[in-house]
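Please follow this walk through the empty spaces inside a protein model and then through one pair of packed helices.

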Amino acid sequence: MNSDSKFSVGLVMSGGGARAGYQVGVMRAIAKMLPKDAPNPFKIISGTSAGGINAAALAAGSREFRKAVCRLEYVWKNFKVEEVYKTDVGSTFKRLGHWVGSLLFGGLGKFNPRSFLDNSPLEALLDKMIDFGDVQRAIDEGALSALCITASGYNSGQSVSFFQGLDTLQGWNRVQRVGCRAKIEVRHLMATSAIPLVFPAVRINREWFGDGSVRQVAPISPVLHLGADKVMVIGVSPPREESAERLYAPSYPSLAQVAGHLMNSIFIDGMEVDLERILRVNRTLSFIPEETRAKSEVSLRQVEMLIIAPSKPLEQIAARHTGHFPWTLRFILGGLGALKRGGSVLASYLLFHRDYTRDLIELGYNDAMRRREDILRFLGYDPAAFDPSANEPDDPESQEE
């Protein structure tokens, strides 16, 4: 039995396009670790970009955690690129021609191009995949305290965290980041996953929004504002070495390498900086007696953290699967250098193909199972009380599409 139920555990799922399949593997491992009838262990769930899609799916299924994980895994294990963005000849080359024409003719014309890819198929998939009404039902029944989806406002420049949760929760307003109450809908997921230039921005109320990882300087803060006492973070990149080796580069970086570098800056750097800041604050507060903090009215508090991150670079896995891109995408990405090993970082964000995502799920599962005792203790369970070979979730292949 969970002896730590008095704590509100927050879950943070970072952005990363197709890399978010790794998070699904971690969730599958957690579902296996816990008893079959265990309630949702994460009362506050926050996600950004593709991590926001995973977060919304888990929140909507909070009343039946294991089934929610299984349904999510089924989707990721059977992904086709065409379910996320259009890859047919007409759509692909029409958009490519629009970009080329705008560059050649100085933007003349009624409409300037909005994105390289059309992700309208993703909207149809999300409508089918998630019953957004279940989010409020989970909150009403006590299975969930809050769901938070963060998007980046192109007009205001603010990082906006839209949250749906208990009536007692309040919004916040900090420098360049705000939290506001909303009923989470498919448009919020389309907005948070709208990678700049790659996918089109989405209008929510008065403003246009794009990928939530852009300018998100404190990706962990939303779950803390919403009342989390402990936070589990699932990243999409291995922990960075303090002093990376600088290798000799014989050739000029390809456009794909530059784009991949920018992608990493958007999706990874903010999380690493925020984690470092929180760990530093925790360490500092550990030297200050609690009574001293109370007398001084210090508002900072220690937050127990658990970080699950890939044990190997995901671009290495993507490099083995770039041949699964439809030929229209291979034509374009090949010209950018994304099909070569040096440009596979870009491919790792865009390759929504089941062979690649299944490898990511397997890696996430294995990484989490290696941390089994840490995870169970973090969630308030005694690792010795459970048989690690029991409680295997249902095979997602047996689920109806």
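**Cavities, a pocket and a helix pair**

In this predicted model, helix H5 supplies 4 residues to the lining of the largest cavity, which is the largest share from any element. That cavity holds about 150 Å³ of space, and a search of the whole structure finds 4 cavities of 30 Å³ or more. Its lining consists of 16 residues, among which Ala50, Ile53, Val84, Leu122 and Phe352 lie nearest the centre. Two elements give two or more residues to this lining, namely helix H2 (50-60) and helix H5 (120-129). When the lining residues of the largest cavity are sorted by class, 13 are nonpolar and 3 are polar, while no charged residue takes part.

The second largest cavity, with a volume of about 100 Å³, is lined by 14 residues, and those closest to its centre are Ser14, Ser213, Gln216, Pro219 and Met271. Strand E1 (9-13), strand E2 (44-48) and helix H9 (255-286) are the elements that give two or more residues to this lining, and H9 gives the most, with 4 residues. The lining of the second largest cavity has 6 nonpolar and 8 polar residues, and again no charged ones.

Helix H9 also appears in the description of an open space, the second largest pocket, where H9, helix H4 (89-104), helix H12 (327-336) and helix H13 (344-350) each supply at least two lining residues. The volume of the second largest pocket is about 650 Å³, and of the 22 residues that line this pocket, Phe116, Val198, Ala259, Leu336 and Leu346 are the closest to its centre. By class, the lining of the pocket comprises 20 nonpolar and 2 polar residues, with no charged residue.

We turn now from empty space to packing. Two packed helices are described by the angle between their axes and the distance between the axes. For helix H1 (residues 21-33) and helix H3 (residues 65-77), the axes come within 10 Å and cross at roughly 150 degrees, and the crossing of H1 and H3 is left-handed. On the H1 side the contact is made by Gly21, Val24, Met27, Arg28, Ile30, Ala31 and Lys32, and on the H3 side by Phe65, Arg66, Val69, Leu72, Glu73 and Trp76. Charged residues do take part in this contact, where the residues of H1 and H3 divide into 8 nonpolar, 1 polar and 4 charged.

Methods. Residues are numbered from 1 along each chain as its sequence is written. This is a predicted model: local features need pLDDT of at least 70, side-chain atom pairs count only at pLDDT 80 or more; totals for chains, interfaces and linings use all residues. Side-chain values use heavy atoms; hydrogens and water are left out. On a 1 Å grid over the protein atoms alone, a cavity is a set of points where a 1.4 Å probe fits but cannot get out, and a pocket is an open set with protein on both sides within 12 Å along at least five of seven lines; lining residues have an atom within 4 Å of a point. Grid points are joined across faces, edges and corners, and a volume is the space filled by probe spheres set on the points. Ala, Val, Leu, Ile, Met, Phe, Trp, Tyr, Cys and Pro count as nonpolar, Asp, Glu, Lys and Arg as charged, and the others, Gly among them, as polar. Axes are lines fitted to C-alpha atoms, for helices over the stretch in contact, and angles run from 0 to 180 degrees between N-to-C directions. A crossing is left-handed if the near helix is turned anticlockwise from the far one by less than a right angle, and right-handed if clockwise. Contact means heavy atoms within 4.5 Å.
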